[in-house]
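This note is addressed to a colleague who is meeting the structure for the first time. The points below may be read alongside the sequence and the model.

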Amino acid sequence: MATYQHGVYNQEQATSLTTPIRSSAALQVIFGTAPVHLADDPTKAANTPKLCYSFAECQAAVGYSDDFKNFTLCQSIDANFRVFNNAPIVLVNVLDPDNSKHTKSNSEESCTVTNGQAVYKKPYVLLHTMVVKKDSSPLEADVDYTAAHDDDGNVVITLISETAKEAESLMVSSTRLLLAPGWSHDPVVAAALQAKTTKVNGNFDCNTYLDIAADSTGATVYTAVKTAKEKLGASSSHAAVFWPKGAVGEKIYCLSAMAAAETAATDAANGDVPHESPSNKDLKITATVLDDGTEVALDQEQANLLNGQGVITAINANGFKLWGNNTAAYPSTTDPKDRWLAVRRFFDWDGNNFILTYFQKVDKPCNKRLIQSIVDSQNIIGNGYVARDYCAG
């Protein structure tokens, strides 16, 4: 039965324009190895994406070490939170403490006790695997002793129970991690990363940053970079390739890690819209170097040669700047949407936003009203891009 209405009433109609949904323009998803033996819970640190908003969260989730060569995730943690002050990032550690291929057993050995402490000098020890004995009797962790890593990577065992404190030496065995540093300069890994940049979950696109090895397996001089890029198989328009490495004092970073952090900082300065290139932005490094720390000084002409080969590098122009705008597809591809990194990233970002915004319209009756609402909404969004000089039209 219809409600009898007497007086003045108001009704609201659903908005015909759709509110846009934005994906994060430069959210970094970083794969590599981490010192999970230093994490709060090493058993939960492998092969699981960790969304981290601070250095402390990264440290708790996967551990942290300045040993970037062996623990590749740490250079990105450092670059983002200590150098560029970006957040958040997603870390995926592939070093699995529960995988026998990634670990090695340490035979039982004696450790001398001095002033109630013993130093167990083994690297990368997983504390939860330690077996500590007084004579032949096992001691209980957190009851008889505590164990923690020191700054040198050793394990300091502190005796806390009266029974344990009587020991003059301890017998200790454990399990430690085996390391496999370096990833994106491997052609197999590079191929997999490039293949995964399109149709994520069937419909989203993203970009990957790759490194050409700055050693004898890749290139140690700029004239060898072209051949190294070809061997790497870097050719996707959704990939950017970098050479050599960057250094901040004694710390050496893959250039891709610094470039990714700079890209995120550039996007953040532009309202999280990836329309501006990260090229010619302050890279916050003190030198460009090879893997062994040997300094590589490129002038602009040499850097431009690399740019013409589809490789991004860095030059010292009143401070080190990232230098280059081409994707890995160049020079094979000259289509602006696939050649220019900033254009490719903007198209991917806008395409992802389009999918997120209008997914709610899927399976609705495809009448003129629906079509017109989508056209009107997208025209408003596009006109906003043009008004802000994000794109030409």
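Are Asp267 and Arg345 buried or exposed? The first point takes up this pair, in a model that is predicted.

1. Asp267 and Arg345. Both residues are buried. Their side chains form a salt bridge, with an N to O distance of 2.6 Å. Asp267 belongs to helix H6 (residues 255–269) and Arg345 to helix H9 (residues 341–358), so this pair ties together parts that are 78 residues apart in sequence.

2. Confidence. The average pLDDT of the protein is 91, and 94% of the residues reach at least 70. Among the elements of the protein, strand S16 (residues 313–316) has the highest mean pLDDT, at 98, while helix H3 (residues 162–165) has the lowest, at 90.

3. Arg82 and Asp78. The number of salt bridges in the model comes to 17. One of them joins the side chains of Arg82 and Asp78, at 3.3 Å from N to O. These two residues are 4 apart in helix H2 (residues 73–84), which separates them by about one helical turn. Their surroundings can be described in turn: Asp78 is buried, with 2% relative accessibility, whereas Arg82 is partly exposed, with a relative accessible area of 47%. The pair also takes part in a network of salt bridges that links Asp66, Asp78, Arg82 and Lys251.

4. Lys133 and Glu108. A salt bridge is also formed by the side chains of Lys133 and Glu108, with 3.6 Å between N and O. Lys133 is located in strand S6 (residues 131–134) and Glu108 in strand S4 (residues 103–114), so the contact ties together parts that are 25 residues apart in sequence. Lys133 is partly exposed, at a relative accessible area of 24%. Glu108 is likewise partly exposed, and its value is 40%.

5. Helix H5. Which residues of helix H5 (residues 225–232) are buried? They are Val225, Ala228, Lys229 and Leu232. Viewed down the axis of H5, these buried residues fall within an arc of 100 degrees, so they line one face of the helix. Glu230 and Lys231, on the other side of H5, are exposed.

6. The cover over H5 and its end. Several elements cover the buried residues of H5, including helix H4 (187–195) and helix H7 (300–307). Strand S11 (208–211) and strand S12 (239–242) are also among them. After H5 comes Gly233, which has a positive phi, near 80 degrees.

7. A nonpolar patch. Which residues make the nonpolar surface patch of about 500 Å²? Leu27, Val29, Phe31, Leu51 and Tyr53 do so. Of these, Phe31 can be placed in strand S1 (residues 28–32).

8. Cis peptide bonds. The peptide bond between Ala87 and Pro88 is cis, with omega at about -5 degrees. Pro88 sits in the loop that runs between H2 and strand S3 (89–93). Tyr330 and Pro331 are joined by a cis peptide bond as well, and omega there is about 10 degrees. The position of Pro331 is in the loop between strand S17 (320–323) and helix H8 (336–339). A reader inspecting the backbone may wish to look at both sites.

9. Asp135. Where does Asp135 lie? It is in the loop between S6 and strand S7 (137–138). Its phi is positive, near 60 degrees, although Asp135 is a residue other than glycine. With a relative accessible area of 65%, Asp135 is exposed.

10. Lys284. Lys284, which is not a glycine, also has a positive phi, of about 60 degrees. This residue belongs to the loop between H6 and strand S15 (287–289). Is Lys284 buried or partly exposed? At 37% relative accessibility, Lys284 counts as partly exposed.

Technical notes: Residues are numbered from 1 along each chain as its sequence is written. Side-chain values use heavy atoms; hydrogens and water are left out. Buried means under 20% relative accessible area, exposed over 50%, partly exposed in between (1.4 Å probe, protein chains only). The arc is that of the directions from the helix axis to the C-beta atoms. Contact means heavy atoms within 4.5 Å. Patches are made of residues with over 30% relative accessible area and no salt bridge: like charges are joined within 9 Å, nonpolar side chains (Val, Leu, Ile, Met, Phe, Trp, Tyr) within 5 Å. Accessible areas come from the Shrake-Rupley method with a 1.4 Å probe; for residues, only the protein chains shown count as cover. A salt bridge is a side-chain nitrogen of Lys or Arg within 4 Å of a carboxyl oxygen of Asp or Glu. pLDDT is the predictor's confidence in each residue, from 0 to 100.
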